[in-house]
Amino acid sequence: MTDAATPSQTTTEAEPGYKTGFGTPLYRGYVLSSLLVVYIFNFIDRSIFAILTEPMKVSLKLEDWHMGLLGGLAFAIFYTTLGIPIARVAERRSRMMIIVISLSLWSLMTVLCGFATSFITMFIFRLLVGVGEAGCTPPAQSVIADYFKPTSRATAASIYALGVPLGGMMAGLSAGPINDYVTGHNVHALFGSWGWTWAQNLIAWENVEGWRIAFVAVGLPGVLFAFILAATVKEPPRGYSDPPGADRKGPPEAFLSALGGLLRKPTYVHVVTGAAIASFAGYGIAAFSTSFLLRTHHLTLTEAALIFSLVLGLMAALGVFLSGFLADKLSKRYPTALSWMPALGMGLSVPLYWMGYMAPTVPLMIPPLMLAATLHYFYLGPMYAVSAGVVDSRTRATAVAITLFAVNLIGIGLGPTLAGALSSVLKSMMLSGADLGLSIEACKVTAGLAADQAAACTSANARALQWTIVIFATLYGWAALHYLLAGKTLSRDMLSKTA
């Protein structure tokens, strides 16, 4: 159920919420695990697009800049703009019900992406995926802050944030193999072996591509999990686990007042700025990571997806968890750990990313990228902990929504879009420099080109994307600087540390 429970159900007056959190430890664990699953679905449905970029590009006859728009701006338009109004509703209404409705919507729209037949129809479905996903994290972070005591919130936030790398990892583990092996022809044959002639005759299965089946396969489970979430997770009392002195009563603060208060806190401004830059680099790189391996190292889509999703995804998950866990542990001795830990991680990741993406072979590429993925994700848990920690319970969902608005507008909205544009620009420059009379349009169909022209097209396609990714990875150093600057005012601005 999503009905709000009462404090008397779980704790006594001798054990206030800021010392224990809401509910029993076992139930808190279940709630956090359930929200993690929701966030995993959130990133599976978001990340699968990047995994399937190449087959969709070929099938729909598109270019890198098309795919950048579909992977970035199409999703981000409503995802970023609706996050804040949904969060304002969440300050007054059931946050869990908002999450359930949102999960149902974005999962269904992911299924429909498998039925897209053009750039326009895919753009519309991606818009609606963004509408659904806008209602996930702001209310979820508000719920987590009410379930967990202040000294455990960074760890809880980092566990929830594991949905980013785990969702990306599971998208690759499912989308790559489904695209390569679960074709419409195979599905038709499977139905025939079961004697399901009615299913065989539903559509022309032989014409259904694997990427379409992948969208349907990853979208449907989210619809089903929404029913489980609605039946089992309670809406916690608002502000239950806040420290003494926090204002738990009264209506939510007016939006402009809340925004002004956040902008007056340098810690929040620097953390959000740093996270936005890191998100811009991360989404830009992620949108073309599998394409990079296909073009530069000539792997299959399944092999590329397994490397970036399983190997690098696990290391990223480790980094996300450690960011919150170590921050909670170290903050007792080092009050600015939420600042310098992510700054150190992102700063060190830059040369490692250079080494990895410029490596001549896959075995030489993987070790530096594994370490870089672990270190650069140190920023994610602290981002959520600071966003929820600088305000009281009445404004918490709004603060997280404003954070995500800035981070995702720049990250998702501009990252893939500008990465695709930069790749196309660099490709055009390289083709012009080859002095073979080539252009991007001429390279779309290489069958009629001379051998040296076809080779130049292939080389420019790979090298342009490679340098795009290297340039984007360099931006983590800029993001690290802002997290470091946040440490100057961290202790003053964090309300949750008063406990």
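## Exercises on a predicted helical model

In helix α10, the residues Arg153, Ala154, Thr155, Ala156, Ala157, Ser158, Tyr160 and Ala161 are buried, where buried means under 20% relative accessible area, exposed means over 50%, and partly exposed lies in between (1.4 Å probe, protein chains only). The model is predicted, and local features therein need pLDDT of at least 70, side-chain atom pairs count only at pLDDT 80 or more, and totals for chains, interfaces and linings use all residues. Residues are numbered from 1 along each chain as its sequence is written, and side-chain values use heavy atoms, with hydrogens and water left out.

### Exercise 1: a covered helix

Task: Determine how many residues of helix α10 are buried, and find what covers them.

Solution. Begin with the extent of the helix: α10 runs over residues 153-161, helices being DSSP runs (H or I, at least four residues) and strands likewise (E, at least two), numbered from the N terminus. Eight of its nine residues are buried, and the helix is thus mostly covered. Next, look for the cover, using contact in the sense of heavy atoms within 4.5 Å. The elements that cover the buried residues of α10 include α2 (25-51), α9 (137-147), α11 (163-181), α18 (301-330), α21 (380-389) and α22 (396-433).

### Exercise 2: a serine in α22

Task: Decide whether serine 423 is buried or exposed, and list its contacts beyond its neighbours in sequence.

Solution. Serine 423 is found in helix α22. Its relative accessible area is 2%, and serine 423 is therefore buried. Leaving aside neighbours within four places in sequence, the contacts of serine 423 are Asp64, Arg295, Ala464, Leu465 and Thr468.

### Exercise 3: cysteines

Task: Count the disulfides in the structure, and explain why cysteine 136 is not bonded to cysteine 113.

Solution. A disulfide is a pair of cysteine sulfur atoms within 2.5 Å, and the structure holds zero of them. Cysteine 113 is in no disulfide, the nearest cysteine sulfur being that of cysteine 136, 17 Å away. Seen from cysteine 136, the closest cysteine sulfur is likewise the one in cysteine 113, and because 17 Å separates the two, they are too far apart for a bond. As to their surroundings, cysteine 113 counts as buried at 1% relative accessibility, and cysteine 136 is buried with a relative accessible area of 0%.

### Exercise 4: salt bridges

Task: State how many salt bridges a search of the whole structure finds, and work out which residues are joined into one network by shared partners.

Solution. Side chains of opposite charge can pair when their charged atoms come close. The criterion for a salt bridge is a side-chain nitrogen of Lys or Arg within 4 Å of a carboxyl oxygen of Asp or Glu, and the search of the whole structure finds four.

1. Arginine 95 and aspartate 146 meet through their side chains at 2.6 Å, N to O. Because arginine 95 lies in helix α7 (residues 95-113) and aspartate 146 in helix α9, the pair ties together parts that are 51 residues apart in sequence. Both arginine 95 and aspartate 146 are buried.
2. Glutamate 235 also forms a salt bridge with arginine 95, with the closest N and O atoms 2.7 Å apart. Since glutamate 235 lies in the loop between α14 (210-232) and α15 (255-263), while arginine 95 is in helix α7, this pair ties together parts that are 140 residues apart in sequence. Glutamate 235 counts as buried at 4% relative accessibility.
3. Arginine 212 forms a salt bridge with glutamate 209, where the closest N and O atoms are 2.9 Å apart. Arginine 212 counts as buried at 14% relative accessibility, whereas glutamate 209 is partly exposed at 28%.
4. Salt bridges that share partners join Arg95, Asp146 and Glu235 into one network.

### Exercise 5: positive phi

Task: For lysine 61 and histidine 298, say where each residue lies and whether it is buried or exposed.

Solution. Most residues other than glycine have a negative phi. Lysine 61, although not a glycine, has a positive phi of about 60°, and its place is the loop between α3 (53-59) and α4 (64-71). With a relative accessible area of 70%, lysine 61 is exposed. Histidine 298 has a positive phi near 60° and lies in the loop between α17 (289-296) and α18. Histidine 298 counts as exposed at 60% relative accessibility.
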